[in-house]
Amino acid sequence: MVPLFRLSSERPPSHDRSAGSIDDSVGSMRLRTPGVGLPALVLWAATGAGSAGCATGGAKRAFQRGNYAEASAMADDSLRANPADGDMIALRQSARDRSTDQEIARIASFRTSGHRDAALAEMDRLLKQLRGWGGRDALSPATRSAFDGELAAMPDLVASLIDGDLGAGRPLAAEAAFPRLAPLLAHPELAAASRAATVKIRAKGQEACTRLQAAAMTDSPHWQLTVDRYCEHFGAAARHPTPPAPPAPFELTGTVKGMNAGQTAALRERVTDWIRASLWNDPTARPASPASAVSLGHGSIEGAVESSFHRQTITLHERYDDVITTTAVVPVEIRNQFGTKPPGVSTSSTGLAVGSTKVNREFAYDTEEIRGHYGMNVTIRLTLGAPAPVTLKLKRVEDTKGYEHEVTFEPAGISPRRDRVLTADEWVNTQLDGFATRVTWALNRRFVRTWCERPQYSVEEAARCLVAGLKPPAALAAVTAALGENAEAAIALLGPPPPPENQRQARAKPVPARQRPAAAQEHSSAHAQDDEDPIVN
C-alpha cells in the first residue's frame, strides 16, 4: 500500500547547526505525495496539519526577514497545534530574545542621546510585550540581564524629567509632569521609579514651604492661607491650620414692616446661606475662640412686605359646543326599478330627513374667587470687610387668584376645584428661596468688582482673588513672583472649598394650581413683577 504522503526532514548540506543558529528542520520539511493528486492535498489541509504547517513556515520566514515579534507570534500559533515541537520552541525563544534585544538597544540609544520621552515610550511598549509573553522569565538569561540593566536606569531617567523644575524650585510644575507619565509608571516594574520621583518632589516642596513660611506676613491672612495649603499639599505642617467653621447666624439688625418674627428669622437664615454660598465666604476667617463660631459679618435690614386677600362669589361663563338632532320634510320622486316613472301613477311624495347641527352655547356657574396680593421691598446692608458696605435690594410684587366650587358639567369641561393660594408666610419663604441663586451671583459680581479688577495687586490682594477661585492676570503675576513658580499650578490647591451643607430642613412648598379653564383665564391668571436680578450696590 502506498502512503498518501510522507514528510522528509533532510537538511541541505550547507545548513549550519553551530551554537546560536536556528534549527531549520521545520522550515525544510517537504511534502511528498507520490501518486496523490489534489484530493489528498485537500484532505491534508482539512485535518489541520495545513494551518500548522503554514504557521511553521511563516514563523521561519518572518525570522529570516528580521521580523522577530511577528516570528514569535506565528511560533505561538504553531505551538498551539503542536506544543511538543522542540524546533518551534527554540525558534520562538530566539525570536523573543532578538526582538527584546532590539527594543533594549533603541531604549538605550534614546536615553543616552537625551530623547527621554522616546525612551520611556519604547520601555512602555517593551513592558507590554513582555506581559503578553508571561513576564521577563520568558527571556533567555543573557537577554534578561540586559533588560534588567536598562530597567535599572529608569528611575534616573524619570527623575531627569523633573530635575529641571525641581532645581528651579518648582515642585508643583514637576508634579504636573506626572500625569503624562502615569501609563508608564503604572507598570509594576517601574513602581520604584515612581516612588523615587514622588519622594524627590515631596522633599523639594517641603523645602519651598520652609522658605515661604519664613517670609509669610502675619497681617496677610489670604497669603498665609495660600502658604498653608501649599505646605499641606507636600506633607509639611501648616503654620495656621484652617479651622473648621461651624455655621454662624448673620448678625442682622433692624425690622421690616409687615414681617413677623418667623419671617424675620427666615430672612436672617437665608442671608447667612447666601453669603456662605458666595465668594464673600472668607476661608481665612477664624473664630474668636475654639468653641465659638466664625462670624460672617453684620448688617441691617429695612423695608416692608405686604399681603392681602379678598374672597367673593362671582359667576364664570364657559363656552362649549352642543350637537342637536334636526328633522325636515322633503319632497320625494317615485320611480320604478328601471328608473322611469310608472305610467298612470302619481310620482310625487314627501319624506322625513334626519340630521344634526353644532350649536355654540355658554354655561354659567357660580364660584368662590380668592384673590391674593403680595409685595416685598427690602433693603439689606452688609458689612463684609469691604471698603464700603454691600447693599442688597429685594423687590417683588405678585397677584394671584384661585377658585373654589363643586360644580360638574362635562360638556364644558367643568369639574370641582379648590385652588391653593399661598399664605403670607408661604409666599415670603417661596420668594426668599427663589432669590437664592440670583443673590449669590449678584454678590459674586460685587466681590469681583471690589477685589479683583485692579491693574496691580499686593501679594495679599492677589491671594484673596486666587483663594476665591479667580485668576486676574495681574494677580497671577503677583502670586507667581512670591511663590517662586507659576501660580496657575497652585490654583487647584487654592480654590474655595465646596459650599457648606444646607443646614435647613427642606420645607414643603405648596404650589398653587395654575391650570384654568379657558373661560376663567381672564379671572385667574397670576401676575408678578420683580427685578431681573437683585440690586447690589
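Which residues touch the most other members of the largest nonpolar core? The close-ups below start there, in what is a predicted model.

**View 1. The largest nonpolar core and its best-connected members.** This core counts 88 residues, and the ones touching the most other members are Phe147, Trp274, Trp280, Met376, Ile380 and Leu394. Helix α13, residues 424-451, chips in with 8 residues, the most given to this core. Apart from it sits another core of 8 residues, including Tyr320, Tyr365, Ala412 and Ile414. As a bit of background, nonpolar side chains tend to be buried together in soluble globular proteins.

**View 2. Phe147 and its contacts.** Setting aside neighbours within four places in sequence, Phe147 is in contact with Ile104, Met123, Leu126, Leu127, Leu130, Arg136 and Leu139.

**View 3. The disulfide between Cys209 and Cys231.** Searching the whole structure turns up 2 disulfides, and here Cys209 is joined to Cys231 with an S to S distance of 1.9 Å. Cys209 belongs to helix α10 (residues 191-215) and Cys231 to helix α11 (residues 221-233), so the bond ties together parts 22 residues apart in sequence. The torsion about the S-S bond is about 105 degrees, so this disulfide is right-handed. Cys209 and Cys231 are both buried.

**View 4. The disulfide between Cys452 and Cys465.** In this pair the sulfur atoms are 2.0 Å apart. Cys452 lies in the loop between α13 and α14 (459-467), while Cys465 is in helix α14, 13 residues apart. With a torsion of about -110 degrees about the S-S bond of Cys452 and Cys465, the disulfide is left-handed. Both Cys452 and Cys465 are buried. Counting bonded cysteines along the chain, the disulfides follow the pattern 1-2, 3-4.

Key:
Residues numbered from 1 in each chain as written. Predicted model: local features only at pLDDT ≥ 70, side-chain atom pairs only at ≥ 80, totals over all residues. Heavy atoms only, no water. Core = buried A, V, L, I, M, F, W, Y, C linked by side-chain atoms within 4.5 Å. Buried < 20%, exposed > 50% of the residue type's maximum accessible area, 1.4 Å probe, protein only. Helix = DSSP H or I, 4+ residues; strand = E, 2+ residues; numbered from the N terminus. Contact = heavy atoms within 4.5 Å. Disulfide = S-S within 2.5 Å.
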